[in-house]
Amino acid sequence: MAAAAPPPAPTPAATALPDPTPIGYPLFTRIRLATASDVPHIHKLIHQLANFKHLANHCSATEASLSSTLFTSPPFQSFTVFILELSHTPFPPQLHTQYSLFSPITQTITLDLPIDDPEAETFKSNDKDCGFDVVVGGFVLFFPNYSTFLGKPGFYVEDMFVRECYRRKGFGKMLLSAVAAQAVKMGYGRVEWAVLDWNVNAIKFYEDMGAKVLQEWRICRLTDEALQAYANPAI
């Protein structure tokens with residue numbers, strides 16, 4: 001009687017290849033130097049910031065006043081604005097000569113859900129080298145100051161703002177980190193700013209970034225009539 005044939009060799013299990021499709025919704029970000037063409041967006045962002053701070057009645061900035069006072073000096077020597085832009089497609093290579101002063105910071109994040117931006121058309125980027133879907137999501141305005149104790153210049157952040165639909169995604173940290181990185185690059189001694197005492201979320205956010213909230217300091221300000229009273233000081 002013939003011997004039974006040996007059982008066939010087991011078929012190797014198929015190896016599953018990784019799915020090249022990213023999980024979630026990628027969002028491409030860029031922080032760049034603002035230019036005069038960004039003034040309309042900066043103006044809208046400032047007024048949204050004033051509403052957020054419940055200070056709209058104190059906001060008198062216009063596009064004309066911003067155009068005549070910003071961008072009159074080279075970046076980092078006076079008032080400087082970083083713009084946060086967002087896109088669903090990667091940003092193109094940088095071509096402008098302004099980028100020799102500051103290389104835009106690009107980053108890609110992956111979101112669990114897409115962001116619905118009801119103001120996308122209003123805040124469409126003015127950078128003609130970008131794609132059609134690039135929008136402005138926020139800004140930070142800062143300028144040099146000086147510490148006599150350190151014997152070094154620093155940066156003072158006047159305002160930082162991220163539009164509501166883009167908050168709690170890490171974009172505020174990106175903007176403030178860009179200012180801090182520039183300060184380090186230039187050998188500056190510190191970066192400082194003010195925060196409203198009722199804004200506990202912002203205070204915690206700044207402390208988590210390593211900032212110290214100086215409880216013993218108060219802001220002193222001369223403005224409006226109190227400032228104009230010194231136009232012709234008595235001798």
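Helices (H or I, at least four residues) and strands (E, at least two) are DSSP runs, numbered from the N terminus. On this basis the chain has five helices and six strands, which follow one another along the sequence as β-α-α-β-β-β-β-α-β-α-α. The model is predicted, so that local features need pLDDT of at least 70 and side-chain atom pairs count only at pLDDT 80 or more, whereas totals for chains, interfaces and linings use all residues. Residues are numbered from 1 along each chain as its sequence is written, and side-chain values use heavy atoms, with hydrogens and water left out.

**Overall burial and contacts**

Of the 235 residues of the chain, 32% are buried, where buried means under 20% relative accessible area, exposed over 50% and partly exposed in between (1.4 Å probe, protein chains only). Contact means heavy atoms within 4.5 Å. Among contacts between residues at least 6 apart in sequence, 75% join residues at least 24 apart.

**Helices α1 and α3**

The expected span of a helix is 1.5 Å times one less than its number of residues. The table sets this value beside the separation of the end C-alpha atoms.

| Helix | Residues | Expected span | End C-alpha separation |
|---|---|---|---|
| α1 | 39-52 (14 residues) | 20 Å | 20 Å |
| α3 | 171-185 (15 residues) | 21 Å | 21 Å |

The expected and modelled spans agree for α1, and they agree for α3. In α1, the buried residues are V39, H41, I42, H43, L45, I46, L49 and A50. These buried residues pack against α2 (63-69), β2 (80-87), β4 (135-147) and β5. Just after α1, H54 adopts a positive phi of about 60 degrees.

In α3, burial applies to F171, G172, M174, L175, L176, A178, V179, Q182 and A183. A positive phi of about 75 degrees is found at G187, just after α3.

**The loop between β5 and α3**

R163 is placed in the loop between β5 (152-162) and α3, and Y166 lies in the loop between β5 and α3 as well. R163 is buried, with a relative accessible area of 1%; Y166 is buried at 5%. A polar contact is a pair of N or O atoms within 3.5 Å; within protein, one must be able to donate a hydrogen and the other to accept it, and residues adjacent in sequence count only if both atoms are side-chain atoms. The side chain of D117 forms such a contact with that of R163 at 2.7 Å and with that of Y166 at 2.8 Å.

Neighbours within four places in sequence aside, R163 is in contact with L45, Q48, D117, E119, F123, V135, V136 and G137. With residues up to four places away likewise not counted, Y166 touches L86, I115, D117, V135, G137 and F171. The C-alpha atoms of Y166 and L86 are 9.5 Å apart, although 80 residues separate the two in sequence.

**The second largest pocket**

Y166 also belongs to the lining of the second largest pocket, which comprises 13 residues; H88, A120, D133, V135 and Y166 lie nearest its centre. This pocket holds about 170 Å³ of space. On a 1 Å grid over the protein atoms alone, a pocket is an open set of points where a 1.4 Å probe fits, with protein on both sides within 12 Å along at least five of seven lines; lining residues have an atom within 4 Å of a point.

**F205 in α4**

F205 is located in helix α4 (residues 200-208) and is partly exposed at 26% relative accessibility. Beyond residues up to four places away in sequence, F205 touches M160, G172 and K173. The C-alpha atoms of F205 and G172 are separated by 9.3 Å, with the two residues 33 apart along the chain.

How values were computed
Points joined across faces, edges and corners; volume = space filled by probe spheres on them.
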